[in-house]
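Please look over the sequence and the model before reading on. The paragraphs below move through a helix, two single residues and some backbone geometry.

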Amino acid sequence: MAKDLLNRYVWLVDTIRRYGRITRRELDDCWRRSRFSDGDTALPRRTFYNYRQAIEDLFDITIQCDQSTFEYYIADEDAHSESVTEWLLNAAATNDVLSSSRDISQKIFLEDVPSAREHLATAIGALKTSSPLRFDYHPYTRSTPTRDITVEPYFLKIFRQRWYLTGRVTSENRIKTYALDRISSPVVLPETFTPDPAFDAETYSRDSFGIIFSHGEVKDIVIRTDPRQAKYFRALPLHHSQQEMVHDEFSNFTYRMRITDDFVAELLSYGPKVTVISPPELRAIIRDRLTNALANY
């Protein structure tokens, strides 16, 4: 029943978002055609009220009513909250579809996100209560783990099917990022901390690609692609700053971001489909990486 309720919440939010603004009569029509109606000709008012309250608690989405037109709509969200909500709704909707497709599970292939199974709930719990998190960390660059690291968590980010936690390491008074799948024995400490009011997660990560948040200079970056690759970048931009200039035989994509190892690795993954036009230092980095790789052959 709990799973079915979640699916109903997702249906209600998705329906209102698709309409933009919707009356109760229109909503009842949609409900009648849905698989949740169980023969009901309308969505009961008490049920609708309970769903609205649950949706606000679970997804932080407020369904409001315009008293002049009696239309329901989703209250404005900031860009980041909207992206988180979209991710949650997509995940819930995907889970619903896959759960009903177990009879063909051998024909569905998914990407694993191992860090979400073990420590994501613990990290989110520490974020919610502003509690320090203590753990051991096993980086790939060391043969032995670092013990008893205490971090005041600031934010979580998923990248390349892995979850990362960024926060202030109390022993060093530095902000660092840790992969959740390299953490072991996490413990949420009983005390609480006051986050640095000067720290803003959006500002901290805005000019970076991936999870390497350097403090280097932000650069104007231009890359050139063929028309086919350009379609992929339009559908899934590399960065929120992406802009495109279309030419007859190619497209130039411009970005405002820092040059990090994550971004360099991303560009290299496209091989000859992408050419760095500027800045010169990024061209030099790409050239050196390609030369070193060629030396292996």
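Helices, taken as H or I runs of at least four residues, and strands, taken as E runs of at least two, are DSSP runs numbered from the N terminus. With that numbering, and keeping in mind that this is a predicted model, S208 can be placed in the loop between helix 7 (201-206) and strand 9 (219-225). Is S208 buried or exposed? Its relative accessible area is 4%, and because buried means under 20%, S208 counts as buried. Leaving aside residues up to four places away in sequence, S208 touches F213, S214, H239 and R258.

Helix 3 comprises 15 residues, from 45 to 59, and its length can be checked against an expectation: at 1.5 Å a residue the helix should span 21 Å, and its end C-alpha atoms are indeed 21 Å apart, so the two values agree. Which residues of helix 3 are buried? They are F48, Y51, A54, I55 and F59. Seen down the axis of helix 3, these buried residues fall within an arc of 130°, and therefore they line one face of the helix. The general reason for such a pattern is that an α-helix has 3.6 residues a turn, so residues three or four places apart point the same way. On the face of helix 3 turned away from the buried side one finds the exposed residues R45, R46 and D57. Just after helix 3, D60 takes a positive phi of about 60°.

Helix 2 (residues 24-33) contains R25, which is exposed, with a relative accessible area of 69%. R25 and A42 are 17 residues apart along the chain, and their C-alpha atoms are separated by 8.3 Å.

The backbone itself deserves a closer reading, since most residues other than glycine have a negative phi, and most peptide bonds are trans. Against that background, N173 has a positive phi, near 55°; this residue is found in the loop between strand 6 (162-169) and strand 7 (174-179), where N173 is exposed, at a relative accessible area of 56%. S185 also has a positive phi, near 50°, but S185 lies in strand 8 (residues 183-188). Where the peptide bond is concerned, the one from S278 to P279 is cis, with omega near 5°, and P279 is found in the loop between strand 12 (274-278) and helix 10 (280-295).

Terms used. Residues are numbered from 1 along each chain as its sequence is written. This is a predicted model: local features need pLDDT of at least 70, side-chain atom pairs count only at pLDDT 80 or more; totals for chains, interfaces and linings use all residues. Side-chain values use heavy atoms; hydrogens and water are left out. The expected span of a helix is 1.5 Å times one less than its number of residues. Buried means under 20% relative accessible area, exposed over 50%, partly exposed in between (1.4 Å probe, protein chains only). The arc is that of the directions from the helix axis to the C-beta atoms. Contact means heavy atoms within 4.5 Å.
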